[in-house]
Amino acid sequence: AVDVKARVVDSVCPYCGVGCALSWVVDTQGNRILEARGRDGAANEGRLCVKGRYGFDYATHAHRLTKPLVRRENAYPKGALSWDDNGPRRPGGPVDPETVLPHFREASWEEALERVGQGLGGIRDTHGGDALAGFGSAKGSNEEAYLFQKLVRAGFGTNNVDHCTRLCHASSVAALLEGIGSGGVTNIVRDIERADVALITGCNPTENHPVAATFMKDAAANGTELLVVNTRRPRIADYAAMYLEIRPGTDVAFYNAMMHVIINEGLTDDAFIAARTENVEAIRENVQEYSPEAVAGLVGVDAERITEAARRFGRANAAMLFWGMGISQHTHGTDNARCLIALAMITGNTGRPGTGLHPLRGQNNVQGASDAGLIPMMYPDYQKVSDPDAQARFEALWGRTLSPEPGRTVTEITDGALDGAIRGMYILGENPFVSDPDVAKVRKALGKLEFLVVQDIFLTETAEFADVILPGSAFAEKTGTVTNTDRRVQVGRQALQPPGEARQDWQIICDIGERIGYPMRYPDVSAVFDEFASATGSYAGLSHAVLGDRGRWYPCPDPEHSEGEPIVFKETFPRGRALLVPARQSPPVEATDAAYPLVLNTGRVLEHWHTGTMTRRSAALHDISPEGFVEIHPDDAAAYGVADGGWVEVTSRRGQIRIRARLRDRVARGSVFIPMHFREACANVLTHPAVDPFGKIPAFKYCAVRVDPV
Ligand code: SF4
């Protein structure tokens with residue numbers, strides 16, 4: 001039963017890229033959410049997963065930051081408070097403010113912002129803008145992302161601005177921009193209902209895009225053949241016509257073999273190839289050495305099954321491709337995505353219902369944050385900073401001379417902090433000390449910064465390194481737009497007041513602009529959206545008023561009469577013809593050997609979200625999934641003396657964690673899986689910092705480890 005003083009606020013789920021529309025029932029007296037209900041949104045039709053339905057109480061958790069904090073003179077050395085060279089010092093659970101707060105003191109907004117202005121502005125004025133960098137957030141709105149990158153570019157004077165897309169789909173976007181000239185999806189998730197075949201690879205939608213997975217299951221029940229390819233059996237495989245378990249890091253060989261069959265058996269769409277692609281001869285030539293028989297041993301799948309999968313895909317009238325981080329998070333992630341693009345193009349599977357390319361976006365606004373320019377080499381809408389015309393347009397809009405030099409990526413900013421090139425940082429809503437690869441390296445980098453300001457809703461592991469901590473707002477406390485994996489732009493509406501002295505994030509960004517001599521003034525957040533939309537072609541015509549309660553897909557050339565485009569590039573691609581780029585199988589970043597015989601794969605679980613700052617403070621989600629684990633095949637467990645539920649040490653060349661073992665045969669022999677959410681058993685203590693040369697994305701899906709019982 002709902003309190004009579006409750007009201008209902010329509011918004012969007014703050015977690016994954018599916019972008020489920022929901023309504024929050026709010027206790028207006030208690031300033032808290034009582035209940036979440038699914039709304040009839042374009043992406044969810046009233047459905048919600050466990051996170052959307054029960055994961056909202058973090059917003060009113062006692063750990064919320066409510067006042068600005070500044071580091072005390074005699075504080076514990078940065079980064080040594082909760083971690084040392086042996087890993088985390090404290091027991092499990094999210095950061096307990098009681099252990100950290102004594103090293104900070106409360107400050108007024110006036111003092112905190114003054115310090116930020118002096119800290120960041122001083123470094124800029126002494127060492128130049130390129131000594132500064134900013135990590136924005138895919139958890140924030142489009143308006144916040146737009147303002148953040150504007151502040152860094154025009155106010156700091158550098159393009160050193162990035163966010164977690166670098167850890168997510170940067171390689172997919174690199175391949176898509178190269179191949180078709182656009183990084184967004186071509187067809188929405190729900191289009192799977194019109195596909196004859198859907199290839200679902202390198203993703204685990206049942207846990208990571210749960211409501212999308214329900215539509216995939218529905219499609220399978222109605223005749224769509226699912227071809228599921230993975231290194232660890234995802235639950236969606238239970239509904240598949242074929243499940244193909246490939247060995248880690250062999251995606252290029254596998255997809256080249258599929259194309260080998262399709263080309264050599266005449267299953268290509270030659271009219272499409274002739275009209276809409278270029279460079280197909282390079283693909284034909286490249287795949288000849290990748291026959292199913294030639295790659296079967298490497299890939300770990302019989303040649304007959306590779307051939308059958310290729311024939312099913314090649315013979316379909318309409319085939320669709322979905323992929324996730326199992327494709328992108330490799331040092332050859334761009335090559336993996338190039339193969340998928342080529343597979344779609346040689347079979348003519350784009351531009352029609354039930355076809356297309358769909359890299360499943362992770363965060364609720366990773367698509368929008370990238371669209372808004374929160375990436376170092378591009379202004380909003382993927383206009384290159386190195387393009388003089390684009391530079392001139394944004395200089396006119398923002399009133400400052402801008403740098404034509406592409407900035408540093410997330411991992412390059414970490415390297416810059418280590419070597420002293422980056423001296424100051426502004427981190428909004430990201431937690432690199434848990435989310436980035438090789439956290440021992442990240443710890444050293446953050447510890448070396450001369451000045452760090454962190455803006456967040458909780459005292460994150462990263463905030464422990466800060467000189468100033470600014471209390472921002474939770475998703476339910478603000479109004480702003482987010483863009484889901486389908487390119488659907490939706491308005492999230494404010495349901496709660498921020499606690500204590502916490503402020504709206506977009507206003508804090510503007511406040512910092514004032515303090516560093518770059519004022520950004522807007523009457524309200526919808527005016528920020530209007531400026532952003534005016535600077536892009538993709539969002540042209542959209543506004544908060546036009547988006548209303550249901551939102552629109554972009555592009556939306558006629559917002560008065562349509563919901564936008566669920567399918568794009570029906571006639572041509574932004575670059576004209578699709579460029580087909582051949583890829584060659586390459587060795588992993590770190591091969592297994594006698595000392596480190598197992599491949600580590602990292603990822604997520606249904607109940608938690610990334611570094612756990614929100615979901616580990618949601619009572620229901622924490623109760624269901626309170627601790628980390630390493631999943632190991634029973635045969636490997638027997639070989640290494642590991643018991644189900646027993647404690648083990650997992651060790652890589654970069655560090656060691658202690659964690660509980662789960663024996664499961666869904667993980668392949670020779671591999672282990674560890675979720676990324678749990679700081680006390682932090683998977684990124686182990687991961688390798690090497691990156692893909694094009695997307696600069698780290699290889700979270702592959703490094704060598706060993707497992708020892710304790
Ligand atoms: Fe939220 Fe994603 Fe679950 Fe939908 S599927 S309720 S957007 S976490």
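This passage walks through the domains, the ligand shell, the core and a few individual residues of a predicted model.

The chain splits into four assigned domains, and some of them are built from separate stretches of sequence. Domain 1 covers 6-60, while domain 2 is pieced together from 108-165, 364-450 and 480-538. Domain 3 takes in 170-360 plus a short piece at 575-579, and domain 4 runs over 598-709. Domains 3 and 4 touch each other, and their centres, taken over C-alpha atoms, sit 27 Å apart. The contact uses 23 residues from domain 3 and 23 residues from domain 4. On the domain 3 side, four helices each put in at least two residues: α5 (170-179), α6 (205-208), α13 (325-328) and α14 (333-346). Of these, α5 gives the most, with four residues. The make-up of that side is 13 polar, six nonpolar and four charged residues.

Turning to the start of the chain, UniProt, in an unreviewed entry, places the feature "domain: 4Fe-4S Mo/W bis-MGD-type" at residues 6-63. Over that stretch the chain is 36% strand and 9% helix, and the C-alpha atoms at its two ends are 24 Å apart. Domain 1 also matters for the ligand shell, which draws at least three residues from domain 1 and at least three from domain 3. The shell holds 14 residues, and the closest to the ligand are Cys 13, Cys 16, Cys 20, Cys 49 and Gly 52. Two helices, α1 (50-54) and α7 (210-221), each supply at least two residues of this shell. Sorted by class, the shell has nine nonpolar residues, four polar ones and one charged one.

Next comes the interior. In soluble globular proteins, nonpolar side chains tend to be buried together. Here, the largest nonpolar core counts 223 residues. The members that touch the most others are Ala 198, Met 216, Phe 254, Met 258, Leu 340, Leu 452 and Val 672. Take Leu 452 as an example: leaving out residues up to four places away in sequence, Leu 452 touches Met 425, Ile 427, Leu 446, Phe 465, Ala 466 and Asp 467.

Helix α4 (residues 142-156) offers two more residues to look at, and Phe 148 is one of them. Phe 148 counts as buried because 29 C-beta neighbours lie inside 10 Å, against a cut-off of 20 or more. Its contacts, again skipping residues up to four places away in sequence, are Gly 134, Gly 136, Leu 374, Leu 428 and Ile 509. Leu 374 is 226 residues away from Phe 148 along the chain, yet the two C-alpha atoms are separated by just 7.6 Å. Glu 144 also has its place in α4. This charged residue is buried too, since 33 other C-beta atoms lie within 10 Å of Glu 144. Apart from its neighbours within four places in sequence, Glu 144 is in contact with Gly 480, Asp 505, Trp 506 and Ile 509. Between Glu 144 and His 677, which are 533 residues apart along the chain, the C-alpha separation is 25 Å.

Some loops are worth a stop as well. Gln 585 is found in the loop between β24 and β25 (598-603). With 21 C-beta neighbours inside 10 Å, Gln 585 is over the cut-off of 20 and so counts as buried. Beyond residues up to four places away in sequence, Gln 585 touches Thr 250, Val 252 and Ala 253. Pro 68, by contrast, is 517 residues from Gln 585 along the chain, with 51 Å between the C-alpha atoms.

Finally, a few backbone details stand out. The peptide bond from Tyr 554 to Pro 555 is cis, with omega near -5°. Pro 555 sits in the loop between β23 (552-553) and β24 (578-579). Tyr 382 has a positive phi, near 65°, without being a glycine. Tyr 382 belongs to the loop between β16 (378-379) and β17 (383-384), and it counts as buried because it has 22 C-beta neighbours inside 10 Å. Lys 696, also not a glycine, has a positive phi of about 60°. The loop that holds Lys 696 lies between β29 (671-675) and β30 (703-709). Lys 696 likewise counts as buried, with 22 C-beta neighbours inside 10 Å.

Conventions
Residues are numbered from 1 along each chain as its sequence is written. This is a predicted model: local features need pLDDT of at least 70, side-chain atom pairs count only at pLDDT 80 or more; totals for chains, interfaces and linings use all residues. Domain bounds come from an automatic or database domain assignment. Two residues are in contact if their C-beta atoms, placed from the backbone, lie within 7 Å. A nonpolar core is a set of buried Ala, Val, Leu, Ile, Met, Phe, Trp, Tyr and Cys residues joined through C-beta atoms within 7 Å. A residue is buried if 20 or more other C-beta atoms lie within 10 Å of its own, exposed if 12 or fewer, and partly exposed in between; C-beta atoms are placed from the backbone. A residue is near a molecule or strand if its C-beta atom, placed from the backbone, lies within 6 Å of it. UniProt positions are given in the numbering used here, feature names are shortened, and annotations may be inferred rather than shown by experiment.
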